[in-house]
Amino acid sequence: MAKPSNSISTLRGVGPAKAAAYAKLGIHTTTDLLYHFPRAYENRGDVRLLSEAPEDQRTATVLTIGSEPKSTRIRGRMTLLKFKAFDESGVCEITYFNQDYLKNRFLLGSTFRFYGKVQKTARRYKMTSPESEPIDENAPLPDLLPVYRLSEGLSPKQMISNVQTVMAQATQTEDPLPDEIRTAEKLSTLGFALRNIHNPTDYVSLAAAKRRLIFDEFFIFALGLSLTKQRAVRSGAPICDKNDLTPLLSQLPYTLTSAQARTIDEICADLAKPTPMSRIVVGDVGCGKTICAAAAMLVAVQSGRQAALMAPTEILARQHYEDLAPLFEKIGIRTELLVGATAPARKRKIKECLANGSLPLVIGTQALLSEGVEFAAPGLIVTDEQHRFGVRQRAALSEKNEHAHMLVMSATPIPRSLALALYGDLELSRIDEMPAGRQRVDTFVVDESYRPRLCAFIEKLCAQGGQVYIVCPAVEERDAEIDELLLTEIGETAPLTDDKPPLKAAVQYAKELQETLPGLSVAFVHGKMKSKDKEKAMADFAAGNTNILVSTTVIEVGVNVPNACLMVVENADRFGLSQLHQLRGRVGRGKRKSYCILVSDTDRGGESTAAKRLSVMRSTHDGFAIAERDLALRGPGDFLSGTDSDAIRQSGGVKFRLAALCDDTGLLTAAFTRARELITADPGLLAHPLLKKTVDNMFTLDADTIS
């Protein structure tokens with residue numbers, strides 16, 4: 001079989017072994033290689049004299065060869081090539097191991113740009129195996145050299161050579177972005193962007209290239225979401241218009257907030273249409289999303305259909321069942337719980353009743369996706385804590401209930417601009433108002449000097465019957481190096497500092513705490529535990545059998561524990577604002593006065609991003625305001641870069657290469673705005689065939705991914 005014309009194997013020097021190495025990076029074609037952008041850049045244009053070179057940092061120096069290279073054999077087959085080179089500030093001894101072939105490269109009197117670490121010993125300078133480039137006045141060397149992600153079997157030299165070959169072949173790159181959008185947003189051409197992302201002439205050109213390519217990723221993603229939504233809009237959904245909610249709402253000991261009432265109205269309007277609802281309800285922990293879902297389920301059941309609620313954990317599913325089943329029972333609606341631990345005989349009976357239509361409402365976990373679970377009259381599917389489920393999992397439940405309405409809930413308040421990217425295929429309802437009487441959790445930021453007082457405070461609260469969460473950023477001590485390398489901006493590496501305190505690790509800290517507070521019961525839970533062990537630890541804490549639960553962020557989304565009145569977050573500067581807010585929301589859910597203590601040795605009054613985050617947490621309690629501030633501090637890329645990002649999963653084929661590093665919220669908003677305008681004017685992109693092809697190639701419009 002002939003190779004495709006753009007197969008990576010068509011490049012010189014790329015045989016089966018190299019092609020396999022490229023495949024490990026997801027590179028199969030020359031187009032894939034063209035879009036395999038550098039992960040960073042070496043600034044070789046910042047040339048220093050030997051005397052100015054910083055220690056322990058790779059530096060560019062321009063040196064003249066001052067002695068003929070001499071090779072000597074050391075230890076078996078190992079050889080050592082040595083020579084001297086100089087600049088106006090001194091002489092440097094340069095050494096290469098097992099590279100005798102370089103002997104004829106460094107001619108006496110020739111000049112090279114070397115790049116490597118300069119070691120200073122007294123007045124002598126040394127460099128070991130530096131990169132080298134000959135100086136040619138007629139061909140200036142580039143200041144910025146790309147650094148690519150590699151796999152075993154690929155060298156930097158080969159990658160750069162292959163990229164340059166592809167770049168030379170792609171001289172006439174077709175630009176799918178309409179000229180009017182490119183001009184209006186002041187973006188470079190695609191050809192300029194690709195040339196300067198791989199071979200930037202300077203930082204200004206690199207920034208322009210990045211801006212255009214990031215815009216493209218957001219723009220193509222937005223178009224793909226719009227086309228996905230178009231395909232998802234189909235008729236055949238059951239019309240659920242029996243919406244007398246009095247039997248349910250009259251049982252509540254409170255009055256709905258205006259935000260809850262608005263959300264229920266939006267849901268009821270969707271349910272009354274023959275088009276399947278695809279709506280997400282977002283709001284703070286405790287804002288009342290569950291009663292909105294219960295109202296939706298009641299409408300479905302009153303209209304003669306069945307409803308299902310799927311939660312990510314068994315303990316959360318049980319909590320929903322215990323909260324909702326009594327409400328529905330009082331109005332004559334039978335509810336069952338289907339989880340992994342449900343007895344086999346009970347499971348068979350529940351499945352039988354769902355299949356014959358005698359069971360109108362079921363609450364469960366992913367057991368609802370198991371074989372044999374069939375609905376006689378599917379009407380509504382509700383998934384809770386949606387970010388814990390991939391779109392494919394939601395789609396699997398939806399497939400069992402073709403044309404059913406879909407409602408998802410998330411306790412993560414997010415800004416509208418980010419919601420476009422994360423949930424672009426769903427209509428959005430925001431519950432931005434908390435119920436009356438919901439207590440505010442007092443928040444304090446302390447450093448290690450407060451540790452004795454903190455332990456005494458924990459003892460006092462537990463003696464009064466309260467319970468305590470303690471959250472650590474790591475599971476075990478060996479997991480503590482979580483941020484060894486941070487690419488804050490492509491081409492820049494965040495400086496590593498040694499003044500940060502070691503990360504608290506859940507397993508070790510739980511043991512230390514048990515020794516410090518022997519009169520209290522301490523347990524720990526983390527994401528690496530087996531599900532049944534994790535669920536048992538959470539259940540014991542919820543039942544009051546444990547005083548203190550030391551945890552990683554797996555408790556960020558969890559059960560309601562009214563007695564929990566203190567949240568302690570260790571190394572709080574290592575967490576994002578939204579994450580800290582979610583953790584704080586785990587306490588203050590009962591009648592006890594509750595507190596959140598953020599432990600950090602960062603400069604609390606400083607100007608660092610971490611210090612600003614902690615300041616926001618101390619003074620702000622509105623989840624949506626915190627989310628907006630988090631977005632401003634971190635940028636949208638931080639929210640899209642995780643491997644669990646639903647936005648990436650739901651697209652099927654889109655990969656955020658540069659957008660995952662984006663810190664410009666305005667660029668995200670502009671891309672989505674332009675995409676909406678274009679889709680409105682040209683719904684099927686029929687007038688833009690090249691753009692349509694790009695969307696189809698980069699955005700896998702697979703029906704299986706549509707929820």
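In the predicted model, the side chains of Glu93 and Lys82 form a salt bridge, with an N to O distance of 3.9 Å. The two partners belong to distant parts of the chain: Glu93 sits in strand E5, which spans residues 90-97, and Lys82 sits in strand E4, which spans residues 79-87, with their positions 11 residues apart in the sequence. The surroundings of the two side chains can be stated from their accessibility. Glu93 has a relative accessibility of 16% and counts as buried because the limit for that class is under 20%. Lys82, with a relative accessible area of 36%, is partly exposed.

The salt bridge between Glu93 and Lys82 is part of a wider set, as the structure holds 25 salt bridges. Side chains of opposite charge can pair when their charged atoms come close. A further pair consists of Arg58 and Glu42, whose side chains meet in a salt bridge at 3.2 Å, N to O. Arg58 is located in strand E2 (residues 58-65) and Glu42 in strand E1 (residues 40-43), so this contact ties together parts of the chain that are 16 residues apart in sequence. Arg58 counts as partly exposed at 39% relative accessibility, whereas Glu42 is buried, with a relative accessible area of 16%. Both residues also take part in a network of salt bridges that links Glu42, Arg44, Arg58, Arg113 and Glu133.

A salt bridge within a helix is found between the side chains of Arg318 and Glu314, at 3.3 Å, N to O. These residues are four apart in helix H10 (residues 314-329), which means that about one helical turn separates them. Arg318 is partly exposed, with a relative accessible area of 33%. Glu314 is also partly exposed, at 22%. Glu314 has a further relation to a remote part of the chain: its C-alpha atom is separated by 9.8 Å from that of Ala539, although the two residues are 225 residues apart along the chain. Ala539 belongs to helix H16, which covers residues 531-542. The relative accessible area of Ala539 is 33%, and this residue is partly exposed.

Helix H10 also contributes to the second largest pocket, where six residues from this helix make up the largest share of the lining. The volume of the second largest pocket is about 1100 Å³. Its lining comprises 35 residues, and those nearest the centre of the pocket are Tyr254, Gly286, Gly288, Asn560 and Arg589. Helix H9 (289-302) and helix H10 each supply at least two residues of this lining. By residue class, the lining of the second largest pocket contains 13 nonpolar, 14 polar and eight charged residues.

Two open sheets with parallel pairing were examined. One is formed by seven strands in the order E13-E14-E12-E15-E16-E11-E17, and the pairing is parallel. Its edges are strand E13 (335-338) and strand E17 (427-431); each has a single partner strand, so one side of each is left without a neighbour in the sheet. Neighbouring strands of this sheet are turned against each other by 20 degrees on average, direction ignored. Within the seven-stranded sheet, strand E15 (residues 378-383) and strand E16 (residues 405-410) run parallel and are joined by four bridges. Across these strands, Val382 stands opposite Leu407 in E16.

The other open sheet consists of six strands, ordered E18-E23-E22-E19-E21-E20, again with parallel pairing. Strand E18 (442-446) and strand E20 (522-525) are the edge strands, and each of them pairs on one side only. From one strand to the next, the twist averages 20 degrees. In this six-stranded sheet, strand E22 (residues 564-569) runs parallel to strand E23 (residues 595-599), and four bridges join the two. Leu566 has Tyr595 in E23 as its bridge partner.

How values were computed: Residues numbered from 1 in each chain as written. Predicted model: local features only at pLDDT ≥ 70, side-chain atom pairs only at ≥ 80, totals over all residues. Heavy atoms only, no water. Salt bridge = Lys/Arg side-chain N within 4 Å of Asp/Glu carboxyl O. Buried < 20%, exposed > 50% of the residue type's maximum accessible area, 1.4 Å probe, protein only. 1 Å grid on protein atoms, 1.4 Å probe; cavity = no way out; pocket = protein on both sides within 12 Å on 5 of 7 lines; lining within 4 Å. Points joined across faces, edges and corners; volume = space filled by probe spheres on them. Nonpolar A, V, L, I, M, F, W, Y, C, P; charged D, E, K, R; others polar. Pairing = 2+ DSSP bridges. Axes fitted to C-alpha atoms, helices over the stretch in contact; angles between N-to-C directions.
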